[in-house]
Each structure stands twice: as C-alpha cells, then as structure tokens.
Amino acid sequence: MAKVLSSRKEDYAQWYNDLVIKAGLAENSAVRGCMVIKPYGYAIWEKMQSVLDRMFKDTGHSNAYFPLFIPKSFLSREADHVEGFAKECAVVTHYRLKNSPSGKGIEVDETARLEEELIIRPTSETIIWNTYKNWIQSYRDLPLLINQWANVVRWEMRTRLFLRTTEFLWQEGHTAHATKDEAMEETMKILDIYAKFAKNWMAMPVIQGTKTENERFAGAVETYSIEALMQDGKALQSGTSHFLGQNFAKAFDVTFLNREGKLEYVWATSWGVSTRLMGALIMAHSDDKGLILPPRLAPIQVAIVPIYKKAGELEMISAKVEEITRKLTANGITVKYDDRDTHKPGWKFAEYELKGVPVRLAIGPRDLEKGTIELARRDTLEKNVYPVEGIENRIKELLDEIQETIYRKALDFREANTFRADSYNEFKEKVETKGGFILAHWDGTSETEQKISNETRATIRCIPLESEKEEGKCMVTGKPSSQRVIFAKAY
RNA sequence: CGGGGUGUGGCGCAGUUGGCUAGCGCACUUGCAUGGGGUGCAAGGGGUCGGAAGUUCGAGUCUUCUCACCCCGACCA
C-alpha cells in the first residue's frame with residue numbers, strides 16, 4: 001500500500017498535518033494563517049454545530065448575531081480584557097480603495113480614513129454588553145440567554161490547521177443574570193454540556209476544572225475548561241466557560257431594577273467552543289491509516305463498495321445495494337454507495353480508511369451467490385462476512401459499539417498517561433520522558449506556576465473539579481496544598 | 001520579532017558543483033486490458049523555473065535586491 005501519511009511515531013505534527021490535508025478536511029489558504037475548511041471537514045463541523053445548537057436551545061438559549069466589527073473604544077472599556085487581546089487584534093482603518101496613480105493595481109485611499117478604527121472581533125463581549133445595556137432594565141428582562149455562531153480573528157504568530165488559525169469559527173454564549181448564584185450555575189451548566197458533548201458525541205474523555213489566574217480568560221472572574229489529552233501526550237483545551245462576575249456590567253454600565261426597586265449590576269457568563277474541536281477529534285482517535293471518526297459525528301457512517309468485473313454484475317450488485325441502503329437509511333444511518341468505475345476497490349478501501357468512515361461494506365458476485373456481505377470496521381480494522389439478511393441491525397449495533405470502543409480506548413490512553421509526581425525532580429522527569437497529565441501539589445501562586453512553566457514548559461491545565469482533596473506540599477516551595485492540580489504540556 | 005529552510009507543470013521533487021534542446025514520480029486526458037486491499041500497458045496535454053535588476057554570446061543555474069510560504073522559539077482557544 002502506498003504510504004500517504006507520516007506515522008505518529010515518526011513525526012506527530014507532520015502526521016496531523018498530512019491527515020488534515022489528505023483526508024480532505026482543510027487546507028492552507030492564500031491568506032497567511034487562515035484555512036479553507038473543505039466540504040468533508042465542514043460536514044463534521046456542521047454535525048457538531050447542530051448537536052451543540054440543540055443542547056443550547058434545550059437549555060433555554062436563543063441564537064442572535066452581532067457585528068464583526070467592534071469600535072476600538074469598546075475594547076478598552078474593561079481593563080483586563082483589553083490587556084488580554086490588544087496584542088492580537090486586526091484593525092480596520094480605511095473604507096475605500098482607489099486606482100494607483102501609476103495605473104497598475106489599487107491602493108488604500110488615504111483620504112478615506114475612519115474616524116474611529118474598527119477592530120475585527122477577537123470575541124464579542126464588548127459589543128454585546130454595549131447592546132445588552134439597552135435590552136436590560138428590570139429583573140423581568142433576566143436571565144438573558146444568547147448564543148451566536150460566528151467567526152472571530154486573533155492575530156496569532158504561529159498557526160496550525162484547526163488547532164490555531166488566525167480566523168476561526170466558534171459559538172460564543174453571552175448570558176446576563178440577576179444573581180451571582182444564577183450566573184455561576186449557568187457557567188457550570190454549560191461546562192457540563194461541553195463535557196457531555198465531548199464524551200457522548202466526540203467519544204473524547206475530558207477533565208473539567210478551574211483555570212489558574214495565569215490561564216484565565218481576560219476579564220473573567222473565573223474560567224472553567226474541559227481538557228483533553230491527545231495521543232502525543234499533550235493537552236488540548238477544548239472548551240471554556242467563564243463566570244464574568246459584574247466586570248462587563250460595570251464596564252458597560254448594565255444595570256437592572258430588582259424586585260425591591262433597587263438598581264444592581266447584572267451578573268454575566270460567556271462560553272465557547274471552536275473549530276479547534278476538529279483538531280481534538282482528529283488527534284483523539286486517528287491512527288497511521290487515517291482518521292477514525294466517532295459514528296455519531298461521521299458525515300458518512302457506512303460506505304459500500306461494489307466489486308465486479310462486468311457491467312452486468314454491477315447492475316445486480318447495485319440492485320442489492322439499493323435494497324440494503326434503503327434499510328440502513330430507514331434506521332437513520334448515513335450511507336454512501338461508491339459505484340465509481342474510476343477507482344478500484346482497493347483504492348476505495350484505503351480512501352474510506354483515510355477518511356475515517358466507521359463501517360465499510362464490500363459486496364461482489366461471490367456474496368450475491370451466497371447472500372452475504374463483507375463488513376469492515378474502521379476502529380479495529382476487523383473484517384467479517386455476514387448474511388445480508390438483517391445486516392442493518394448488525395450495523396446499527398456496531399455503530400454504537402464503535403462509538404463506545406473508541407471512547408474506551410481514548411479513556412484507557414488517558415489513564416495510562418496520567419501520572420502523579422511528589423517531588424519537583426520526579427515531576428521534571430515525568431514531563432520530560434512521559435508527557436501526559438501529571439498530578440502534583442502546587443502552592444496556588446502565579447509565581448510558582450510561572451517558574452514551573454519556564455523550567456519545564458508544562459503548565460497547569462486546570463484544577464480538577466472532581467478529585468479527592470488531599471493534603472500535601474507544593475513540590476516546588478513546600479507550602480501547603482489541599483489538592484493536586486493537573487499539569488501538562490499543552491497545545 | 002529572533003533562528004533555520006524552501007520557492008521549477010495541479011501536487012511532490014531532481015537539475016545549481018560543471019552555463020547552451022527543462023526532466024522525473026504522482027495526478028490529469030484517451031484507448032485496451034484489469035477489478036475481493038492504493039491496477040497494468042500504450043499514447044497524449046500541461047511549466048517564460050516566485051518577482052525585479054544585473055553579469056554574459058548565452059542564466060533554472062552566477063551577483064544584488066525583493067516577495068512569499070514552511071519549520072523551530074516568545075504569544076495564544
């Protein structure tokens with residue numbers, strides 16, 4: 001078989017890149033740092049979107065859309081926020097082009113300078129809170145539960161397809177509440193939705209936790225995240241949910257009259273997941289032959305390849321396939337029958353493996369005779385021959401089984417790559433030789449975290465929500481600590 | 001912004017040491033065979049060698065300038 005991908009062992013980063021491109025998910029564009037998401041990749045994103053969108057709506061949220069442009073002055077209203085984003089903003093300064101005096105090409109018309117520059121949103125808190133000010137007068141207007149699906153731009157120095165691109169797609173939820181408790185409850189509710197989505201749909205186990213001050217969203221009081229472990233032992237932050245306190249309410253003067261007739265600032269949250277989830281999905285499960293997609297997010301769940309010599313055979317096979325397809329479709333399964341005559345079966349097998357299609361069926365003259373069909377599953381690469389009769393039931397079960405199996409595999413991997421370290425030396429050694437999640441005691445200070453990060457390049461991914469309290473001493477300073485936190489090298 | 005690298009048909013590359021008809025693999029087109037794991041044979045189409053200036057009888061190749069992209073670091077979801 002022709003080798004299409006680098007192997008994970010050889011060069012993990014190259015393997016990832018090859019995979020994204022060869023599987024037809026995305027490619028680099030003419031614009032530096034910006035990608036083109038290709039139809040197959042976008043189909044997966046659309047599936048993610050539709051599931052998440054349903055989950056948001058089921059919990060009372062509505063979609064809306066706010067502008068791409070943000071007046072420069074808005075961004076500076078919340079001090080931490082501007083501090084956090086200032087270094088990576090694209091700025092619109094002019095609104096007109098003109099023909100070059102030389103006659104060749106066009107240039108910016110310097111006379112068309114904007115009075116106030118516009119920032120291309122790196123996130124929408126500011127424009128949204130500026131708007132909410134007008135929407136919220138009374139406790140009766142609360143809670144306000146809004147989500148938007150949008151693109152944002154963060155001028156990153158180094159980009160990688162899906163994992164970090166200059167422009168990316170995401171959803172950002174922005175909610176306003178009458179009380180602190182309610183806002184906190186919302187923050188946690190969304191974190192839970194993200195974790196459930198990762199687990200049940202992406203088949204990716206995640207750890208929920210609190211971010212340290214260093215890693216907190218600029219402008220948030222508290223940031224929570226879901227953290228996943230990739231196959232190379234690096235962590236990937238896959239979603240964040242922020243409790244914003246009253247920071248933005250104060251910055252944008254968003255107040256409401258409570259039941260007692262007293263004016264109060266509202267309490268806020270914001271939360272998001274992005275096309276980075278695509279990167280997580282790819283790296284969580286795939287192997288050296290290509291993608292492995294969880295059935296619940298696969299654009300094609302079953303590919304059917306006919307094997308034939310003469311046109312007459314193809315006709316008979318196609319008739320049988322049509323029958324099978326009808327049954328599968330009736331069971332809610334997405335099927336692609338690949339009867340292209342331009343590629344041989346072997347080529348198609350490799351292609352569907354590269355694209356991560358969970359189940360592949362092959363049917364030829366021998367099968368027609370015997371009333372059988374060959375079934376191959378992508379996750380284990382097992383091939384077996386089954387009677388055609390009732391194959392839809394087998395496949396239906398199998399898709400659930402694959403979903404479960406790859407989740408299990410990812411979870412086993414994470415467990416096998418989660419370590420405890422009780423001294424700084426042991427910690428350094430683990431970071432160096434093993435990677436993965438490392439649980440260790442930390443004194444809670446930014447200084448210590450910074451020192452560890454500088455010396456080992458591992459950072460605190462989160463302070464896990466669900467973990468037993470354990471008295472201990474910070475591995476660096478020896479100061480008391482009440483629980484282990486999760487360290488890892490991260491994307 | 002620092003360090004390294006690369007620009008030659010759609011993609012991946014050779015050719016630069018040694019200056020003179022621009023080549024290979026994949027992909028593409030056509031035909032025949034083939035078809036149960038990336039088919040074989042044959043015949044075709046496609047490139048002013050990233051750009052500009054220079055040296056020269058002659059430049060993909062030498063000189064200078066320039067542009068773009070990729071990789072590694074600092075920043076980040």
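## Two helices that meet H8

How close do the axes of helix H2 and H8 come, and at what angle do they cross? In this predicted model, the axes of H2 (residues 39-58) and H8 come within 10 Å, and the crossing is at roughly 110°. H2 and H8 are therefore roughly perpendicular to each other. On the H2 side, the contact is made by Gly41, Ile44, Trp45, Met48 and Leu52, and H8 brings Leu277, Met278 and Leu281. Sort these residues by class and you get seven nonpolar, one polar and no charged.

H8 (residues 276-285) also has helix H1 (residues 12-22) to deal with: the axes of H1 and H8 come within 11 Å and cross at roughly 115°. That makes H1 roughly perpendicular to H8. As for handedness, H1 passes H8 in a right-handed crossing. If you'd like to find the spot in the structure, look for Tyr12, Trp15, Tyr16, Leu19 and Val20 in H1, which meet Gly279, Ile282 and Met283 in H8. The contact of H1 with H8 has seven nonpolar residues, one polar residue and no charged ones.

## Where the RNA sits

Now for RNA strand B. There are 37 residues around this strand, and the ones that come nearest are Arg158, Arg164, Gln237, Arg276 and Glu353. Of the atoms of RNA strand B that come within 4 Å of the protein, sugar and phosphate account for 36%. What classes of residue make up the surface near RNA strand B? By class, this surface has 17 charged, 14 nonpolar and six polar residues.

A few atom pairs are worth a look. Gln237 has a polar side-chain atom 2.3 Å from a sugar or linking oxygen of RNA strand B. The bases of the strand are approached too: a polar side-chain atom of Asp367 lies 2.5 Å from a base nitrogen, while Pro365 places a backbone N or O atom 3.4 Å from a base oxygen. As for whole elements, those that give two or more residues to the surface near RNA strand B are helix H10 (345-354), strand E19 (359-363) and helix H11 (365-370). The largest share comes from H10, with seven residues.

## Another helix pair, H13 and H14

Further along the chain, helix H13 (residues 424-433) packs with helix H14 (residues 446-456). Their axes are 11 Å apart, and the angle is about 45°. H13 and H14 are therefore oblique to each other. H13 passes H14 in a right-handed crossing.

Which residues of H13 and H14 meet? From H13 they are Tyr424, Phe427, Lys428 and Val431, and from H14 they are Lys451, Ile452, Glu455 and Thr456. Split by class, the contact of H13 with H14 has four nonpolar, one polar and three charged residues.

## Two backbone details in loops

Let's finish with a couple of local backbone features. Leu142 and Pro143 are joined by a cis peptide bond, with omega about -5°. To find Pro143, go to the loop between helix H5 (125-135) and strand E9 (144-153).

The other detail is at Asp253. This residue has a positive phi of about 55°, although it is not a glycine. Where is Asp253 found? Asp253 is in the loop between helix H7 (247-251) and strand E14 (255-257).

Key:
Residues numbered from 1 in each chain as written. Chains lettered and ligands numbered in written order. Predicted model: local features only at pLDDT ≥ 70, side-chain atom pairs only at ≥ 80, totals over all residues. Heavy atoms only, no water. Axes fitted to C-alpha atoms, helices over the stretch in contact; angles between N-to-C directions. Helix = DSSP H or I, 4+ residues; strand = E, 2+ residues; numbered from the N terminus. Parallel < 35°, antiparallel > 145°, perpendicular 65-115°, else oblique. Left-handed = near helix turned anticlockwise from the far one by under 90°. Contact = heavy atoms within 4.5 Å. Nonpolar A, V, L, I, M, F, W, Y, C, P; charged D, E, K, R; others polar. Near = heavy atom within 4 Å. Polar contact = N/O pair within 3.5 Å; in protein donor to acceptor, adjacent residues only side chain to side chain.
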